[in-house]
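User: Hey, got a minute to go through this fold with me? I'd like to talk about charged pairs, then the sheet, then the aromatics.
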Amino acid sequence: MFSMNEVDSESMLSVLTNTLSCEVGIITHRKMPRVVPDQRSTFDNDELFRRLSRECEVKYTGFRDRPLEERQLRFQTECREGHADIAFVATGTNLQLNFESNAWSDKDEDRIPTREYVDFEREPGKVHLKSQFIMNGVCVIWRGWIDLHRLDGIGCIEFDSERAEVEDQLYRQQIEQYNQRLREFEERQRQYREQQDRRSHDEQEEGF
């Protein structure tokens with residue numbers, strides 16, 4: 001028959017063990033950062049970024065099974081809504097682009113297509129487009145234009161230094177939070193081992 005102290009000790013050890021197991025899961029399955037540690041270097045040295053940073057042919061890829069007239073109408077509608085599927089012809093890189101201001105906001109009402117991002121008035125027969133997003137861990141801006149009749153045009157990506165700085169700060173904060181959790185977890189492990197050692201020592205003394 002267990003004494004009250006023995007029951008409490010067993011319960012505490014069980015709770016602590018379960019807590020440690022949960023924390024291992026939290027640390028192991030942490031959310032991956034959205035960006036790489038050195039975005040500028042990656043953009044400058046990665047072959048794909050180097051190719052896409054040069055102006056090259058692009059085309060609208062949506063609704064390829066539909067007649068041209070319908071695709072023209074759908075493309076304009078999508079642009080006004082703030083999105084479209086665009087591909088770089090030379091590399092075959094397909095992008096689902098959003099043409100919205102405040103693209104990083106969590107609020108839908110903040111993300112709207114403005115003339116800075118969707119401009120039908122700059123040149124007759126063309127729409128000039130801008131999109132901000134993270135590609136392969138790097139903050140970039142896509143800029144280009146599409147002919148409203150042929151549904152092709154010219155585009156390229158450039159490094160988004162302003163957003164990259166924001167994401168770098170978020171990255172460092174996330175890494176620091178992870179390291180803090182890891183330090184707390186290791187401290188709890190140490191306390192757990194010490195408690196086990198004391199319990200083992202007490203049991204040995206009780207046996208004499």
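User: Is E70 buried, exposed or partly exposed?

Analyst: This is a predicted model, and in it E70 is partly exposed, with a relative accessible area of 22%. The buried class needs a value under 20%.

User: Which residue forms a salt bridge with R66?

Analyst: That's E70, with the closest N and O atoms 3.1 Å apart. R66 is partly exposed, at 39% relative accessibility.

User: And what does R74 do?

Analyst: R74 also has a salt bridge with E70, at 2.8 Å from N to O. R74 comes out as partly exposed, with 33% relative accessibility.

User: Why are E70 and R74 about one helical turn apart?

Analyst: Because they're four residues apart in helix α4, which covers residues 68-81.

User: How many salt bridges turn up in the whole structure?

Analyst: The search finds 15. Another of them is E116 with K130, at 2.6 Å between N and O. That pair links distant parts of the chain: E116 is in the loop between β3 (93-98) and β4 (118-119), and K130 is 14 residues away in strand β5 (residues 126-135).

User: Is K130 buried or exposed?

Analyst: K130 is buried, at 9% relative accessibility. E116 is exposed, with a relative accessible area of 52%.

User: Which residues are joined into one network by salt bridges that share partners?

Analyst: R34, R163 and E167.

User: OK, sheet time. What's the strand order?

Analyst: It's an open sheet of seven strands, in the order β3-β2-β1-β7-β6-β5-β4, and the pairing is antiparallel. β3 and β4 are at the edges with a single partner strand each, so one side of each has no neighbour in the sheet.

User: What packs on the sheet?

Analyst: Helix α4 does, and the strands it touches are β1, β2 (83-88), β4, β5 and β6. The direction of α4 makes about 115 degrees with that of β2.

User: How many bridges hold β1 and β7 together?

Analyst: Four, in the antiparallel sense, with β1 being residues 56-60. For one bridge partner in β7, C56 has G155.

User: Where does Q132 sit?

Analyst: Q132 is in strand β5, and it's buried, with a relative accessible area of 15%.

User: What do the polar contacts of its side chain look like?

Analyst: The Q132 side chain has a polar contact of 2.9 Å with the side chain of Y117, and one of 3.0 Å with the side chain of D160. Leaving out residues up to four places away in sequence, Q132 touches N98, A103, W104, Y117, V140, I141 and D160.

User: What about L151, where's that?

Analyst: L151 is in the loop between β6 (138-147) and β7 (152-159). L151 is buried, with just 2% relative accessible area.

User: Which residues is L151 in contact with, beyond its neighbours in sequence?

Analyst: Not counting anything within four places in sequence, the contacts are K59, Y60, L68, R71, Q72, F75 and I146. The C-alpha atom of L151 is also 8.8 Å from that of V58, which is 93 residues away along the chain.

User: Now the rings. How many aromatic pairs are there?

Analyst: Three aromatic pairs are counted. In one of them, F43 and F159, the ring centres are 5.7 Å apart and the planes are at 45 degrees, so that pair is tilted. F43 is in helix α2 (residues 39-45) and F159 is in strand β7, so the pair ties together parts that are 116 residues apart in sequence.

User: Are those two rings buried or exposed?

Analyst: F43 is buried, with 7% relative accessible area, and F159 is buried too, with 14%. Then there's Y60 with F75, a tilted pair at 4.8 Å centre to centre and 50 degrees between the planes. Y60 is in strand β1, while F75 is 15 residues away in helix α4.

User: How accessible are Y60 and F75?

Analyst: Y60 is buried, with a relative accessible area of 2%, and F75 is buried at 0%.

User: Last one: which residues do ring pairs link into a cluster?

Analyst: F43, F49 and F159.

Conventions. Residues are numbered from 1 along each chain as its sequence is written. This is a predicted model: local features need pLDDT of at least 70, side-chain atom pairs count only at pLDDT 80 or more; totals for chains, interfaces and linings use all residues. Side-chain values use heavy atoms; hydrogens and water are left out. A salt bridge is a side-chain nitrogen of Lys or Arg within 4 Å of a carboxyl oxygen of Asp or Glu. Buried means under 20% relative accessible area, exposed over 50%, partly exposed in between (1.4 Å probe, protein chains only). Helices (H or I, at least four residues) and strands (E, at least two) are DSSP runs, numbered from the N terminus. Contact means heavy atoms within 4.5 Å. A polar contact is a pair of N or O atoms within 3.5 Å; within protein, one must be able to donate a hydrogen and the other to accept it, and residues adjacent in sequence count only if both atoms are side-chain atoms. Two strands pair if DSSP finds at least two bridges between them. Axes are lines fitted to C-alpha atoms, for helices over the stretch in contact, and angles run from 0 to 180 degrees between N-to-C directions. Rings of Phe, Tyr and Trp (its six-membered ring) pair if their centres lie within 6.5 Å; planes under 30 degrees apart count as stacked, over 60 as edge-to-face and the rest as tilted.
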